[in-house]
Amino acid sequence: MQNYFPTRQMLILMLSFMATGISIAQQAPIQYFRPWDQNGINIFEPSKEGDQPAFDGLKIRIGAAFTQDFQSITHSNKAVYFPESPNNPVNKNLLFGAGTDGDTTIANLVGVTTAMANLNLDVQLADGIRLGVETYMSTRHHPEFWVKGGYLQVDKLPMFGNPEWFSKYVRIKVGEFTPNYGDMHFRRSDAGNCIYNPFVENYILDAFTTETGGEVYLFPLKGLTLVAGVTNGSVHGDVVPYSNIPPPGFSDPFEKKPSILFKATYDKTMEDLRFRISASSYNNAGNYSNSMYLGDRGGSHYSMVMEQARSVIYVEGVPTGIGPSTPANNKDSGRIIPVFNHQVKSLMLNGFVKYKGLEFFGTYEQAEGRMNFELEGSTRKFTQLAGEVVYRFLPREQLFIGARYNTVSGTQLFQNNEVTVNRMTMSAGWFPTENILLKAEFVTQNYEDYTPYDYQYEGEFRGMTIQAVVGF
């Protein structure tokens, strides 16, 4: 039986924390902090402006998020029969769970998916200094307890007498965390933490990872935020020697170059109108395991859609063989994985407008990169566009309806032609309390310009997903 909950030792540790009387409270005041419930919606970088809770000693805030999905989705394709190997007649283009209907393979994917859960510890260590520790208790990809990351956020320097220039204009973030590339990561579903997202799933091209490094934030003018960061470029840390000589069959040596990111945002509110624009760039010149587009350890909230019955198994983005598809191994269902594990250069532009209960969020993204066995100068490119409109109503915006259109075009690994994937989603949601969210979503997704020998040829999935979320 899979372990969907923390170990007994972890539960004992959690209960020990909660049993102590050292200023531990479920809603302990934390400075420069984004709430994990409905109050955190449409908060991007925590503001340096406004009053903060006074520091009066160590505070620990224990938070969590739980999500359970029920889906009823049908997927189909029209790919031709293609044997897995000359000695194995199994059709590698057969979709997961599918029988055949003429030249089309069809499957109905109905049921309750693996529940996902997160555990978060936010600690006020000193005035203006807090620690964030984020863990996955259960996810589609890792049903066992798994540490996502931890970081220090420094907004004041009490050890130096809290100089005013730092308190007003500077923030430093160090540790393992989500790089602040783009604004979509502030609205996405992250395993059990789905309360910020008005939809069930994230973008088709999902720029999300955790990396070890540091970011410096500057707040020179009201509403303006500038960010510069350097990370190790990978979801994993390691200390290993690297050769300057490419291995046989590779055009570049295995490298471990850092990732560099820059971001600029402007956010302004005028009575009932708020608007925000941001521009971000992320660049890694050579890293054998860059994970910007492969770093989600939670997995998609569309379970097994457009997955082969048997498919290539990837370890750190490298194909290692063919085996049965499973919800854990095939964690990124419905997404495009560009496989830019060696070099990646990305740009994301975002716009956000909110007038009373009506909000718009838009994204334009360009990403290009390659693997280190692809020739220098042969980078592949992807372009992503997304736009969503959400209307929130009632006194505390506890009801909402929304629609999102998302399209991605680009050239995947081992392909010569550009392909396109389009998705349309419509959703509705209700917050019975600030900590509980119920969502229902209809989705349709189409695959265009794939060759008949590709299992995604004339692929499509559509159906409903119901999602229950708790966050505190």
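Modeller: A charge is said to sit over a ring if NZ of Lys or CZ of Arg is within 6 Å of the ring centre and within 35 degrees of the ring normal. Please keep in mind that this is a predicted model.

Biologist: What makes the charged end of arginine 188 count as sitting over the ring of phenylalanine 208?

Modeller: The charged end of arginine 188 is 3.8 Å from the centre of the ring of phenylalanine 208, and because the limit is 6 Å, the distance part of the rule is met. Lysine 48 likewise lies over the face of tyrosine 32, at 5.3 Å from the ring centre, which is also set against the limit of 6 Å.

Biologist: Where else does lysine 48 appear, and which residues are closest to the centre of the second largest pocket?

Modeller: The second largest pocket has a volume of about 820 Å³. It is lined by 35 residues, and those closest to its centre are Glu45, Pro46, Ser47, Lys48 and Glu49. Two or more lining residues come from each of helix 2, strand 11, strand 12 and strand 13, and strand 12 gives the most, with five. By class, the lining has 14 nonpolar, 10 polar and 11 charged residues.

Biologist: Why is the aromatic pair of tyrosine 217 and phenylalanine 219 called stacked?

Modeller: The two ring centres are 6.5 Å apart and the planes differ by 15°; because planes under 30 degrees apart count as stacked, the pair takes that name. Tyrosine 217, at 4% relative accessibility, is under the 20% limit and therefore counts as buried, and phenylalanine 219, at 9%, is buried by that rule too.

Biologist: What makes the pair of phenylalanine 400 and phenylalanine 431 tilted?

Modeller: Their planes stand at 50°, with centres 6.3 Å apart, and because this angle is neither under 30 nor over 60 degrees, the pair is tilted. Phenylalanine 400 belongs to strand 19 and phenylalanine 431 to strand 20, 31 residues apart, so that the pair links distant parts of the chain. Both rings belong to buried residues, with phenylalanine 400 at 2% and phenylalanine 431 at 1%.

Biologist: How do you know that strand 16 and strand 17 pair?

Modeller: Pairing needs at least two bridges, and 13 bridges join strand 16 to strand 17, which run antiparallel; glutamine 343, for instance, stands opposite arginine 370 in strand 17. The two strands form a hairpin with two residues between them, and lysine 356 in the turn has a positive phi of about 55°. Strand 16 is also joined to strand 13 by 12 bridges, again antiparallel, with serine 278 opposite asparagine 350 in strand 16.

How values were computed: Residues are numbered from 1 along each chain as its sequence is written. This is a predicted model: local features need pLDDT of at least 70, side-chain atom pairs count only at pLDDT 80 or more; totals for chains, interfaces and linings use all residues. Side-chain values use heavy atoms; hydrogens and water are left out. On a 1 Å grid over the protein atoms alone, a cavity is a set of points where a 1.4 Å probe fits but cannot get out, and a pocket is an open set with protein on both sides within 12 Å along at least five of seven lines; lining residues have an atom within 4 Å of a point. Grid points are joined across faces, edges and corners, and a volume is the space filled by probe spheres set on the points. Helices (H or I, at least four residues) and strands (E, at least two) are DSSP runs, numbered from the N terminus. Ala, Val, Leu, Ile, Met, Phe, Trp, Tyr, Cys and Pro count as nonpolar, Asp, Glu, Lys and Arg as charged, and the others, Gly among them, as polar. Rings of Phe, Tyr and Trp (its six-membered ring) pair if their centres lie within 6.5 Å; planes under 30 degrees apart count as stacked, over 60 as edge-to-face and the rest as tilted. Buried means under 20% relative accessible area, exposed over 50%, partly exposed in between (1.4 Å probe, protein chains only).
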